[in-house]
Amino acid sequence: MTGTAPAPAPSGKQMLSEQVYAHLRDAILRGDHAPGEALKPQDLAKAQGVSLAVVREALVRVVGEGLADRLPNRGFAVPAFSDRRWQQIAEARRTVEPVMLRMSVERGDVDWEARVRAAHHRLARTPPFAPETGEYYTGAWAEAHRVFHRTLLEGCDNPVLLDTFDRMWTASELARRWSTHRNPGRDGVLEHRRLEEAALARDADTAAELLVQHLTQTADVLSDGGLPHP
């Protein structure tokens, strides 16, 4: 009897690289680095106690996710606050995601409905803020939020489109977190509940319209008054 050989265990270098990448990614998303701030490989390597090669590998990965920019002859930096940048991301999401949601409503089965309901329940029951996170969303809420939106679209059953969603979501995460400072009265709970209700009612038109409105809110807020206060 033959079997598949087990996958090789990650090397120590691979594990270290993954840890540095995760730390850098989380730090950018937490706002530890201000918009436009230089990400100096030497300083990051010293702070983490790792080699420049490991840090550069992590920086290349966060650049690929849209969480940092690679500047010609100037190294790396957190994306500068730019209405145009975030409006372009929002435009891309408003173009692609409502189409995916329509496909999900049309193609999603009962298991998809159950996952949507469970993801919404988790999101609704997860506190968005905690004393230690200040004005920023908690990591648990941010993950529940991502899972809810992705689950809504998973019924489209198209891995290529879902990969596109994953890239756009990560690229837009900084903008969404910055918008927390700028629109504290926004009723996200109601917006998410209406999205869930429309999707599970198989009302593709309403679901798509609500999603466009939901995505537009963040982009509009970011256009109304410059950089949020730290």
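Here is a walk through the helices of this structure and how they pack. Keep in mind that this is a predicted model.

Let's start on the inside. The largest nonpolar core has 27 residues. Which residues have the most contacts inside it? They are Met100, Leu101, Val105, Phe148, Leu152, Leu153 and Leu195. Six helices each give two or more residues to this core: H4 (83–107), H5 (110–125), H6 (139–154), H7 (159–180), H8 (188–200) and H9 (204–222). There is also a second, separate core of 23 residues, and Leu24, Ala58, Leu67 and Trp86 are among them.

Now zoom in on Val105. If you skip its neighbours within four places in sequence, Val105 is in contact with Trp112, Ala199, Arg202, Asp203 and Ala204.

Next, take a look at Ser104, which sits in helix H4. Is Ser104 buried or exposed? It's buried, because its relative accessible area is 0%, and the cut-off for buried is under 20%. Leaving out residues up to four places away in sequence, Ser104 touches Trp112, Leu152, Leu153, Glu154, Gly155, Cys156 and Arg202.

So much for single residues; on to pairs of helices. Two packed helices are described by the angle between their axes and the distance between those axes.

Try H6 and H8 as a pair. Their axes are 11 Å apart, and the helices pack at an angle of about 25 degrees. That makes H6 roughly parallel to H8, since angles under 35 degrees count that way. The crossing of these two, H6 and H8, is left-handed. Who meets whom here? From H6 come Trp141, His145, Phe148, His149 and Leu152, and they meet His192, Leu195, Glu196 and Ala199 in H8. Sorted by class, the contact of H6 with H8 has five nonpolar, three polar and one charged residues.

H8 has another partner to look at, H5. The axes of H5 and H8 come within 11 Å and cross at roughly 170 degrees. H5 and H8 are therefore roughly antiparallel to each other, because angles over 145 degrees count as such. On the H5 side you'll find Trp112, Glu113, Val116, Arg117, His120 and Leu123, which meet His192, Arg193, Glu196, Ala199 and Leu200 in H8. By class, this contact of H5 with H8 has five nonpolar, two polar and four charged residues.

Terms used
Residues numbered from 1 in each chain as written. Predicted model: local features only at pLDDT ≥ 70, side-chain atom pairs only at ≥ 80, totals over all residues. Heavy atoms only, no water. Core = buried A, V, L, I, M, F, W, Y, C linked by side-chain atoms within 4.5 Å. Buried < 20%, exposed > 50% of the residue type's maximum accessible area, 1.4 Å probe, protein only. Helix = DSSP H or I, 4+ residues; strand = E, 2+ residues; numbered from the N terminus. Contact = heavy atoms within 4.5 Å. Axes fitted to C-alpha atoms, helices over the stretch in contact; angles between N-to-C directions. Parallel < 35°, antiparallel > 145°, perpendicular 65-115°, else oblique. Left-handed = near helix turned anticlockwise from the far one by under 90°. Nonpolar A, V, L, I, M, F, W, Y, C, P; charged D, E, K, R; others polar.
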